[in-house]
Amino acid sequence: MAFIAAFALLGGALRGFNLLLILAGLLVGILILQWRLARRIAEVVRVQRLEPPEAFAGTPFAIGMVVQNTSRWLPAWLVMLHDSVTPAVASNGRQAATATSGVGFVPAGSQRSCRYQCRIARRGRYRLGPTLLSTGFPLGLSTARRQVLTEPIDLYVYPRLLQLEPRWERLLESRTGGLAVTAKRSGISEGDFYGLREWQNGDSQRWIHWRTTARLDELAVRQFEQQRRHEICLVVDASWGPEPAANTEPAANTRDAGDVPEADETSQQALERAIELAATLLVKLTQAPTNRVTLVVAGRRTETMVVTGAGVSIQRAMRALAEVEAAPRGELVAALSAGIELTGSDRPIAVLSPTAADPWRLRSAELDLHAEQLDLRWLDVTSPPIQNLVRGDASDAAT
């Protein structure tokens, strides 16, 4: 259109055609109106990002933003937001992408919300932003752009959750048949109310149910369920590489080294399945608020934490699983010792690994001291027993 206006202006000036000059003036006026309105809308609009939700790999989720019009008289039309989603760590399998959302109309002095659907196939930490605002109102002859959110924020994409068969608890059974359990008699503030029963010696007076006592003319007390707490240690073996030669001593811990061998597709899938299984078991075990799970993530760096049913505790553990990086295959003594120190040697320890059991990786005088008490099981995610317990992938493993 600018070319047409310039052509009409030049032709009218050279030939003396007033109609061409009038047409050129109208076109130039429309362009100026388009430029001024679009620029003004871009200036008065403010954007605020909502807190990113919990996201799981392969599951769609929504990212929301609030568009606010700060002008007292000018409505905002056709506001588009272009958000950047970039991996925090460069990877061959993860690439940057741009998501687009927008609102059609925002009255003066008000705000509207918008969101876009996002689906990220791989776990990890991503960065949202910067965000670019654009508008082509009123005629779309030109577009005004402005960067509205300059500070990127982190988005954690947790490992995909698996759907397990009902007998999944057999994976973690201790030698005595079942998860390690600690139980104690509950007080009035412990456990759930179960019912009423007759008074027994040793019952607290606080448990007396006076209304029922008056009706029956004999003491009746409240009965509470006993609290039971399961404790277990989960060790995630995030490593791959060639197996050592037979009869060789375990190599020094190389988890901080940078020479990670290149993994084929099968090894990569096995490693991801081990991490997904760890995330699924963690979610299931922490559904009961009294359970206590010691999580040891043995990847490029080793992280150890105690996970309970608290939201902050679960979030920290899931973020650690989202960011774990594979390490060269090495010994697991340091990771197991850290887990034993937190959970105790008399609790079951499950090693979730993408490979079969390697005795040389557990050879240590420190572990030999706890050999009789150590309740250790090696869960190879590529083995048929483990594969048979996994139904498939799901966005919610709580069902």
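## Exercises on a predicted model

Asp217 sits in the loop that connects α3 (210-216) with β13 (220-224). The exercises below concern a predicted model.

**Exercise 1. Determine whether Asp217 is buried or exposed, and describe its phi.**

Solution. Begin with accessibility: the relative value for Asp217 is 71%. The cut-off for exposed is over 50%, so Asp217 counts as exposed. Next, consider the backbone: phi of Asp217 is positive, about 60 degrees, although the residue is not a glycine. For context, most residues other than glycine have a negative phi.

**Exercise 2. Carry out the analysis of Exercise 1 for Leu78, and state where this residue lies.**

Solution. Leu78 belongs to strand β4 (residues 76-87). Its phi is near 50 degrees, again a positive value in a residue other than glycine. The relative accessible area of Leu78 is 44%. Since partly exposed covers the range between 20% and 50%, Leu78 is partly exposed.

**Exercise 3. Locate the cis peptide bonds at Pro130 and Pro138.**

Solution. Take Pro130 to start with: the bond joining Gly129 and Pro130 is cis, with omega about 0 degrees, and Pro130 lies in strand β7 (residues 124-135). Then take Pro138: the bond from Phe137 to Pro138 is cis, with omega near 10 degrees. Pro138 is placed in the loop between β7 and β8 (144-149). As background, most peptide bonds are trans.

**Exercise 4. Describe the largest nonpolar core, and name the helix that gives the most to it.**

Solution. The largest nonpolar core holds 43 residues, of which Leu172, Leu234, Leu295, Met318 and Leu321 touch the most other members. Helix α4 (residues 265-285) gives the most to this core, with ten residues. A second, separate core has 33 residues, among them Ile41, Val47, Ala55 and Leu81. To examine one member of the largest core, set aside the neighbours of Leu295 within four places in sequence; its contacts then include Leu234, Leu282, Met305 and Leu321. In general terms, nonpolar side chains tend to be buried together in soluble globular proteins.

**Exercise 5. Classify the packing of α4 and α5, and give the composition of their contact.**

Solution. The axes of α4 and helix α5 (residues 311-323) are 10 Å apart and make an angle of about 175 degrees. Angles over 145 degrees count as roughly antiparallel; α4 and α5 are therefore roughly antiparallel to each other. On the α4 side, Ile275, Ala278, Ala279, Leu282 and Val283 take part, and they meet Ala317, Met318 and Leu321 in α5. The residues of this contact divide into eight nonpolar, no polar and no charged.

**Exercise 6. Characterise the surroundings of Ala270.**

Solution. Ala270 is part of helix α4. Its relative accessible area is 9%, under the 20% cut-off, so Ala270 is buried. Leaving aside neighbours within four places in sequence, Ala270 is in contact with Pro354, Val381 and Thr382. The C-alpha atoms of Ala270 and Ala238 are 9.8 Å apart, with these positions 32 residues apart in sequence numbering.

**Exercise 7. Establish how many disulfides the structure has, and whether Cys114 and Cys233 are buried or exposed.**

Solution. A search of the whole structure finds zero disulfides. With a relative accessibility of 9%, Cys114 counts as buried. Cys233, at 1% relative accessible area, is buried.

Definitions and conventions
Residues numbered from 1 in each chain as written. Predicted model: local features only at pLDDT ≥ 70, side-chain atom pairs only at ≥ 80, totals over all residues. Heavy atoms only, no water. Core = buried A, V, L, I, M, F, W, Y, C linked by side-chain atoms within 4.5 Å. Buried < 20%, exposed > 50% of the residue type's maximum accessible area, 1.4 Å probe, protein only. Helix = DSSP H or I, 4+ residues; strand = E, 2+ residues; numbered from the N terminus. Contact = heavy atoms within 4.5 Å. Axes fitted to C-alpha atoms, helices over the stretch in contact; angles between N-to-C directions. Parallel < 35°, antiparallel > 145°, perpendicular 65-115°, else oblique. Nonpolar A, V, L, I, M, F, W, Y, C, P; charged D, E, K, R; others polar. Disulfide = S-S within 2.5 Å.
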